[in-house]
Amino acid sequence: MRSVSRRRFGQLALLAPFTLVMGHEAQANLIETMLARAHLPRHADEVWVLIDDNESALSLYRGDTLLERFAPISLGRAGASVMRTQGGNMTPKGEFRVNRFNWESDWHIFVGLDYPTPSHARMAMESGLYTKQDYADYFAYYRHHGYPPQQTVLGGFIGIHGVGKGDPEVHARFNWTQGCVAVTDRQIERLSELIDIGTRVVIR
């Protein structure tokens, strides 16, 4: 029942902005093509994370072996999409890497992801959200700082976190974040024990 409620609210909120932003289906092909194979481990011992919007679940694997599964989880209030814009409360789909941990977050523990990725930046340029200069500036920033810019039209500060100062009852029933993936505090503690900087995270 919970997963149906999440999907219903997500789909209603997602419908209009998705249509406006994507323009035509070809713009989604870059990330959708990548996601078609992203669920396959890179090697037998790879520890990686799969976040599935349809199942409202986070699964941690070593190769093909399931280590942990957390469900239900919470995504952005507007659902999940291959394209996200700042302030849209949407969780970006794609393939990411863990690039930071904040152990003093308001959300208990925050595991940061390298969003927006170069693939998201390219899609933004192809859809008209980025100009060619924005696209060049994105890579200049990435080269200089070692992580993507967080203040462009695509937004940023995306990660996996606990409930922390949030409401556990809301977490149990609805998608409530501004675009991150939320699990319980105990689950984020467990996840943080098993992953590290560079761990691959697939959101689909």
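## Exercises on charge pairs and the core

Glu 95 is buried, at a relative accessible area of 19%. Keep that residue in mind as you work through this predicted model.

**Exercise 1.** Which side chain meets Glu 95 in a salt bridge, and where do the two partners lie?

*Solution.* Start with the pair itself: the side chains of Glu 95 and Arg 42 meet at 2.5 Å, N to O. Next, place them: Arg 42 sits in the loop between α2 and β1, Glu 95 in strand β6, and they are 53 residues apart. Finally, check the cover: buried means under 20% relative accessible area, so Glu 95 at 19% qualifies, whereas Arg 42 at 44% is partly exposed.

**Exercise 2.** Find the salt-bridge partner of Glu 46 and say whether each of the two is buried or exposed.

*Solution.* The partner is Arg 200, at 2.8 Å, N to O. Because Glu 46 lies in the loop between α2 and β1 and Arg 200 in strand β10, the pair ties together parts 154 residues apart in sequence. Now read the accessibilities: Glu 46 has 7% and Arg 200 has 0%, so both are buried.

**Exercise 3.** Work out which strand gives the largest share of the largest nonpolar core.

*Solution.* This core has 39 residues, and Val 49, Ile 51 and Ile 160 are among those with the most contacts inside it. Several elements each supply at least two residues, including α2, β6 and α6. The largest share, five residues, comes from β1. To follow one member further, take Ile 160: leaving aside neighbours within four places in sequence, its contacts include Ile 51, Leu 58 and Val 201.

Notes: Residues numbered from 1 in each chain as written. Predicted model: local features only at pLDDT ≥ 70, side-chain atom pairs only at ≥ 80, totals over all residues. Heavy atoms only, no water. Core = buried A, V, L, I, M, F, W, Y, C linked by side-chain atoms within 4.5 Å. Buried < 20%, exposed > 50% of the residue type's maximum accessible area, 1.4 Å probe, protein only. Helix = DSSP H or I, 4+ residues; strand = E, 2+ residues; numbered from the N terminus. Contact = heavy atoms within 4.5 Å. Salt bridge = Lys/Arg side-chain N within 4 Å of Asp/Glu carboxyl O.
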